[in-house]
Amino acid sequence: MSAAGAAFLPGAQGRLLPLSLPFGFFGTAVLFHLAGWVILFFAAGQAPSFAGGLGPVLAALHAVTLGVLTLTAFGAAFQLLPVATRQPMAALWPIRLALLLLAPGIAILMWGMAVYDAEKLAVGGTMAAAGMLVAGGLLAVNLARARGMPVVLGFARLALFSLFAILLLGLGLVATYLGRGVGDHGMLAKLHLVAGGYGFMGCLALGFSYVLVPMFGLSPPPKTGPGLAVLGSAVAALTAAAVGIVLTLDWLVTAGGILGLAASAGYLRAMALAMKHRMKKRMGLSFLLVRLAWVLLPVSILVALAAHLSLIPQNAAALTGFAIFYGWLLTFVMGILQRIMPFLASMHAAKAGGQPPLVTEMNARGPMTVHAVCHVAALLLVGAGIAADLPMLVMAGSAAGAIGAAAFLWFAGQVITRMLRRRAAAPKNANLRTAYE
Amino acid sequence: MPFSPDTVVADAIRSDPAVVDRLVALDPVFAKLRNPVLRKVMARLVRFRDAAKVAGVPLEAIMAAVNGEAQPASSEKSEAPSDAGPAPGWMASVDPEAAAHLDVRPILAAGDEPLGAVMRAAAAVPEGGVLLLEAPFDPVPLRRVLVRKGFVSHAEPLGPEHWRVTFLRDASMAAEDADLETDDTGAAVWNEPDGLHVDVRGLEPPQPMRAIVALIEDSGTGDTVTVHHEREPVFLYPELAERGWSHAIVAGEPGEVRLRLTRGSRQ
């Protein structure tokens with residue numbers, strides 16, 4: 001970098017966060033990923049018949065939903081949302097605070113769930129909720145100053161709205177466990193599932209796809225009109241489902257599911273076009289997982305619809321939750337994480353001076369392959385085990401998932417180690433600080 | 001593979017230089033393409049679809065000619081050259097005395113590339129300001145590029161090989177005009193003595209990255225490219241590294257991040 005370039009012009013700064021922030025979120029998510037499968041392994045006997053309620057299965061589910069999906073979503077959002085909004089994050093301390101609250105909060109919440117302890121539930125739930133409020137608030141501030149990319153921003157706003165709904169619903173559920181609840185627990189749980197799976201996480205996945213997929217594939221950005229139609233369908237779907245659940249109008253919930261299928265069709269068409277017109281021909285192993293997730297999105301909605309219409313003979317609740325959170329969302333997030341971590345590592349290693357290392361130099365192909373194979377095997381085995389009410393299959397699938405998660409942990413470790421080695425080898429006068437610092 | 005209406009003329013000529021001869025045989029108006037400067041300026045931005053509008057030649061006749069096929073039954077000049085159409089309402093408020101002027105006809109006649117001069121002139125126009133451009137043809141692709149930089153435009157023919165294009169910088173109006181064609185990143189590319197320049201300011205992500213990567217992957221691009229950006233493109237760097245290009249930030253205009261990309265061995 002030239003001396004002239006080292007003095008950044010106002011408003012023209014790069015927007016790379018300090019590496020401890022995104023990698024803090026991603027690294028913690030990778031640990032919860034392993035925990036989610038390990039807990040499910042030990043709770044395999046209860047998994048097929050799970051229909052809500054405290055216990056290790058609920059803990060495993062929240063290891064995935066909060067520990068993996070939410071932490072990864074926040075880590076990615078803090079780094080990527082400024083690209084879409086063309087506004088840097090207002091401050092960094094809320095990001096650090098959010099992680100400090102979320103990581104232990106989620107762990108305590110899971111502990112409370114696993115051992116049927118409502119007080120631990122309350123402590124962990126409060127910490128996690130506080131962390132999500134801080135994170136969500138920072139993202140809301142960034143969105144308020146946003147310009148450009150209306151589809152991405154629309155989904156981000158819908159996701160934030162859903163996040164605040166989840167927080168209220170989650171605290172409401174904790175209150176029922178403490179004997180202080182208001183409202184029907186079953187209804188709250190269904191709303192929590194819809195708001196969490198398709199509201200918060202789903203909208204973040206869809207919204208960020210509109211920026212991540214073109215970025216990784218070097219594709220033209222999807223057209224705004226169809227994207228807004230997808231957003232509109234998603235809003236209608238979530239609204240119909242939520243109102244239908246609250247007012248016990250089954251037909252409205254069904255309508256919500258059908259609208260959700262329409263939204264997913266529009267989204268998948270945009271992704272297909274992006275892939276068709278991409279400049280980068282080889283997308284790598286990570287995008288095999290992303291493509292699989294694209295197939296599982298409509299599958300998860302169909303499973304949810306089938307469960308709602310009582311078309312699934314047994315274990316409908318467990319199958320629905322598994323299809324949404326482990327099937328569609330976890331597959332998508334692990335695919336994106338597998339792509340984004342070496343990419344970010346390369347950019348941070350570039351700060352050490354000289355030219356950035358190749359992304360492939362930051363990668364670890366062996367563990368990535370093990371993870372992908374084990375993840376797919378886990379989905380098939382656990383899914384079959386739930387559908388057929390065979391805990392042994394769930395156990396075998398969870399073991400595969402845990403091996404895959406351990407491989408992913410190894411992969412993440414390799415990426416971080418290589419990045420830190422490059423930075424440690426930097427010339428003494430290298431500027432390792434990002435534009436935010 | 002046959003050429004399509006959305007094929008960039010420069011790409012077609014590169015893959016089959018005889019395209020120029022077939023177009024000239026179709027209509028002498030394409031003799032301009034024998035001028036290497038005009039070919040560089042026009043052909044890089046122009047697609048066959050644009051060429052039909054600019055030249056007033058039916059698109060199907062052009063496609064038959066470039067693909068070496070028989071001409072369609074009706075191949076008369078039925079399409080008027082880019083018709084000025086009625087002047088939009090904002091033209092009534094344009095004061096030619098207060099506008100910036102640029103006549104690129106002498107630049108082209110001298111064998112030089114005018115795009116750099118156009119981009120510099122456009123950059124100096126404030127919001128609400130006007131640039132009057134005199135050109136030998138309706139620069140449809142240039143107008144499309146400047147839409148993305150916040151300009152609306154109106155072109156009118158004044159005589160043989162003389163068009164006047166009025167550019168008004170109005171970001172809100174331009175936002176309504178912008179179209180997102182899949183094959184056009186909207187970047188402006190031109191030659192300077194120090195090599196190729198590309199201006200990606202105002203483009204929606206990932207168009208800047210696409211434009212830059214497309215340029216460095218083009219075998220006709222030299223060993224250096226200067227990028228005019230509005231922020232440091234950190235996400236671009238791994239892509240450059242993969243393709244064996246290095247980067248350095250150099251001095252630019254206020255509010256601009258300017259990068260010099262160099263093809264060569266990595267450290």
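This is a working chat about helix packing, buried residues and a few loop positions in a predicted model.

Trainee: Before we start, what should I keep in mind about this model?
Mentor: It is a predicted model, in which local features need pLDDT of at least 70 and side-chain atom pairs count only at pLDDT 80 or more, while totals for chains, interfaces and linings use all residues. Residues are numbered from 1 along each chain as its sequence is written, chains are lettered from A and ligands numbered from 1 in the order in which they are written, and side-chain values use heavy atoms, with hydrogens and water left out.

Trainee: How do people describe two packed helices?
Mentor: Two packed helices are described by the angle between their axes and the distance between the axes. Here the axes are lines fitted to C-alpha atoms, for helices over the stretch in contact, and angles run from 0 to 180 degrees between N-to-C directions. Helices are DSSP runs (H or I, at least four residues), as are strands (E, at least two), and both are numbered from the N terminus.

Trainee: OK, at what angle do α2(A) and α3(A) pack?
Mentor: α2(A) and α3(A) pack at about 160°, with their axes 8 Å apart. They are therefore roughly antiparallel to each other, a label given to angles over 145 degrees, whereas those under 35 count as roughly parallel, 65 to 115 as roughly perpendicular and the rest as oblique.

Trainee: And which residues of α2(A) and α3(A) make the contact?
Mentor: Taking contact as heavy atoms within 4.5 Å, the residues from α2(A) include A:Phe25, A:Phe26, A:Ala29 and A:Phe32, and those from α3(A) include A:Ala60, A:Gly67, A:Leu71 and A:Phe74. By class, this contact has 15 nonpolar, 7 polar and no charged residues. For those classes, Ala, Val, Leu, Ile, Met, Phe, Trp, Tyr, Cys and Pro count as nonpolar, Asp, Glu, Lys and Arg as charged, and the others, Gly among them, as polar.

Trainee: What about α6(A) and α8(A), how do they cross?
Mentor: The axes of α6(A), residues 150–177, and α8(A), residues 224–246, come within 9 Å and cross at roughly 15°, and the two helices are therefore roughly parallel to each other. Among the residues in the contact are A:Val151, A:Phe155 and A:Leu158 of α6(A), together with A:Leu228, A:Leu231 and A:Val235 of α8(A). By class, the contact has 10 nonpolar, 3 polar and no charged residues.

Trainee: How far does α8(A) reach, end to end?
Mentor: α8(A) has 23 residues and reaches 33 Å from its first C-alpha to its last, close to the 33 Å expected at 1.5 Å a residue, where the expected span is 1.5 Å times one less than the number of residues. Its buried residues, including A:Val230, A:Leu231, A:Leu238 and A:Ile245, pack against α6, α7 (185–217) and α9 (250–276) of chain A. Buried means under 20% relative accessible area, exposed over 50%, and partly exposed in between (1.4 Å probe, protein chains only).

Trainee: Where is A:Thr248, and is it buried or exposed?
Mentor: A:Thr248 is in the loop between α8 and α9 of chain A, and with a relative accessible area of 62% it is exposed. A:Thr248 also has a positive phi of about 50°, although it is not a glycine.

Trainee: What about A:Asp389?
Mentor: A:Asp389 has a positive phi of about 60° although it is not a glycine, and its place is in the loop between α13 (365–387) and α14 (391–424) of chain A. With a relative accessible area of 37%, A:Asp389 is partly exposed.

Trainee: Back to α6(A): which residues does A:Ala159 touch?
Mentor: A:Ala159, which lies in helix α6 of chain A, touches A:Gly199, A:Phe200, A:Cys203 and A:Leu204, not counting residues up to four places away in sequence. A:Ala159 is buried, with a relative accessible area of 1%, and its C-alpha is separated by 9.4 Å from that of A:Ala205, 46 residues apart along the chain.

Trainee: Switching over, how many helices and strands does chain B have?
Mentor: The secondary structure of chain B comes to 11 helices and 9 strands, and of its 267 residues, 52% count as buried. One buried position is B:Val125, at 5% relative accessibility, found in the loop between α7 (115–123) and β2 (130–135) of chain B. B:Val125 touches B:Val130, B:Leu131, B:Phe151 and B:Arg169, not counting residues up to four places away in sequence.
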